[in-house]
Amino acid sequence: MSFVLFFPSRAPQMRAAPRHAPAAHPPAAAAAPSAVGSPAAAPRQPGLMAQMATTAAGVAVGSAVGHTLGHAITGGFGGGGSAEPARPDITYQEPQGAQLLEQQSRGPCSLEIKQFLECAQDQGEVQLWEGFKEVLRQCTIANEGHPLRMDRVEKKVKKRRYNEDFLQYGFTSKITAEIEKPQCVICGDVLSAESMKPNKLKRHFDSKHLSFAGKDISYFRSKADELKKGRLDTGIKSPKQNVVAVEVSYLVALRIARTMKPHTFAEDLLLPAAKDSVGVMIGDEFVTQLSAVSLSNDTVRRRIDDMSADILDQVIQEIKSAPLPIFSIQLDESTDVANCSQLLMYVRYINGGDFKDEFLFCKPLDTATTAHDVFERVGSFLKEHKLSWEMVCGVCTDGARAMLGCQSGFQHLVLNESPKVIGTHCMIHLQTLAMKTLPQDLKEVMQSVVSSVNFVKLNTLSSQLFSQLCDDLDAPNKALLFHTEGRWLSSGSVLKRVFELRGEFKMFFSQKGRPQLEALFSDESELQKMAYLVDIFAILHELNLSLQEPNATCLDLSEKIQSFQMKLELWQKNLGENKIHMLPTLSAFFEGHDIKPSKRITVIISVKEHLHMLTQEISWYFPNLPDVPFALARSPFTVHVEDVPEPAQEEFIELVNSDAARTDFSTLPVTRFWVKCLQSYPVLSEFVLRLLLPFPTTHLCGKGFSSLLVIKSKYRRRLAVENDLRCALAKTTPRISDLVRKKQSQPSH
């Protein structure tokens, strides 16, 4: 039997040192001939088996090492020679061609080291391993002075990819530093890339999560989705990455507009803070993902402009597509920090089965602010957006002459264009005017209180001394408020603070030598009047807040005013019977200081006089609403058919005899009920809705001007404020997804 050994991939390559390194040849053994010498140098010929083994080894290695192994095998098979096997004389041959280029690029002995390691890892035959070892030794001797660079030896690592079948073991993939690694969806552990094998994944699952063995694969898929949502980035570059970056820039710009911050707020604070947070909490490799979001000053401004235009477009379309295409407006004019007159307007229309109040525009009045200028500005806006004056059913303004003038006021000009328009005067403004009336003795007390506060707040020293006095006496609410005539009911807060600190005020003015102001806090009669002013202004303040309710109608506020008027009449009657429980501060002062009824007469007379004056002022400023039209809106099932306009009488008869309509009226708000009736009773519903749609106050314009002063501060005097104001105040949400599709990402630098 004959056999041939063949090892095609394990031939050790004999290479020499670089050309500038001297070749070193180990001395040959005395009893061993050269491995590369001629056959005649051999002392005797081996047997047949030894020759076959030698040939196989030579073919396998193809170099001096093969012959060396051959001689070793020959000695083993032939049994001849001395007792000690001959040591081979291995001659290190100089590399040629590609081997020399490889040596110069990778360093000396890199190939020998690689072959030696591969043979050791494969656990080959001992003789073959010894041959590679001898070749490496010879190369090391030949390259003495040129240290080996083990770090340049590249170990071949098979890159494994994630397979969906791995999900049955509870593993998804996570890419970190461009290396895909398996991650357990149960415990969140991330294994090494070499563990991307079914057996290793199964071993992790069986050793740690064996209790989940009965779960369906859909369970692990849902856990994987939750895990990916919890990560900032899945590591996979999606083609929609730029789209996401643009969407983020819109969302950030919208938040900046709604919080009324400068456009540089994102670039200066938000983006750096986000990068710091992501770098610390998640990892620095995810910080670069945020750089794709463009948040520069100009970008934020453009995003706000885009969203403002989209919001306005939605509002105009909602007005035109409303089931009843009519709307009412409220408008007011004020001056900003740059001394520029701004005209602000809100609109109310039917949308979504109810009334919707929405910001419409804020335009500068470049020249004058007369009624004609306001009318032209509003008319040009309506014409630009293809809205007519005939669609306007109500106009609410304040009491300025340019707005309410009977001959040339804005409301009069609108009535000339649309005779069906209902003009209203802001009820909050009327209520403020009515409440300013005070009897002379109460007015003097009020003026003395304001003078006392102004004296304390006049300079820093007085203010600090008063604060120190309050601290020494452990007095609460030491902070005082300024009172100005322009602030609605600010006197109520001032009076309450002063009355609570009346003892501290008395001591302070005594130390300062101000007997006139000190007398205000020493005289019980004056303190009784002050206590009454605290109570009445608190009541008026509560009424004022109730008039600012959202989506309120003229019917709602009229009912509140009438209720307050009836309360005033009741309180006058109670005072005639010496009942003062409706005035808690004054009642507590009487009881706390044990003031006899005889000493209360003066104050009670002043109180009754003031309540009577309030009743008359309210009757003057707030005449009763027409009974029949508003009664139809308030309670249609109690109205006679003769009181209904003729075109709507037949529909009214159908309405009052409908059980479904009665059920809707008992369960729905008045506005929603009449909007719902538009489809079944269009003529009757339009008649009622024209009464309900007009704004009762200009409260929204007042809030808008407060926001305008925040946005357009002294540091942003040149800002065109309309777009920022619309994004900040509008209820309508911009269609960001539609805007993103029209944009292309421009990352920040």
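In this predicted model, C184 is buried, with a relative accessible area of 1%. A search of the whole structure finds 0 disulfides, and C184 accordingly belongs to none, the nearest cysteine sulfur, that of C187, lying 3.6 Å away. Because a disulfide requires a pair of cysteine sulfur atoms within 2.5 Å, the separation of 3.6 Å between the sulfurs of C184 and C187 does not qualify. Another cysteine, C393, also counts as buried, at a relative accessibility of 0%.

A further buried position is V374, which has a relative accessible area of 2% and is found in helix α12, a segment that covers residues 371-384. When neighbours within four places in sequence are left aside, V374 is in contact with L331, L343, L365, T369, M403 and F410. The C-alpha atoms of V374 and E333 are 8.9 Å apart in space, although these two residues are separated by 41 residues in sequence.

Strand β5, made up of residues 354-365, contains K356. With a relative accessible area of 14%, K356 is classed as buried, because this value falls under the 20% cut-off. The side chain of K356 makes a polar contact of 2.9 Å with the side chain of T732. Apart from neighbours within four places in sequence, the residues in contact with K356 are E318, V347, R348, Y349, N351, K731 and T732; T732 thus appears both in this list and as the partner in the polar contact.

Two loop residues were examined for their backbone geometry. M260 has a positive phi of about 60 degrees although it is not a glycine, and M260 is found in the loop between α8 (241-258) and α9 (265-281). N578 likewise is not a glycine and has a positive phi of about 60 degrees; the loop that holds N578 runs between α22 (554-576) and α23 (584-592). As to accessibility, M260 is partly exposed, with a relative accessible area of 23%, whereas N578 counts as exposed at 59%. The two residues are assigned to separate classes because exposed means over 50% relative accessible area and buried means under 20%, with partly exposed in between.

Methods:
Residues numbered from 1 in each chain as written. Predicted model: local features only at pLDDT ≥ 70, side-chain atom pairs only at ≥ 80, totals over all residues. Heavy atoms only, no water. Helix = DSSP H or I, 4+ residues; strand = E, 2+ residues; numbered from the N terminus. Buried < 20%, exposed > 50% of the residue type's maximum accessible area, 1.4 Å probe, protein only. Contact = heavy atoms within 4.5 Å. Polar contact = N/O pair within 3.5 Å; in protein donor to acceptor, adjacent residues only side chain to side chain.
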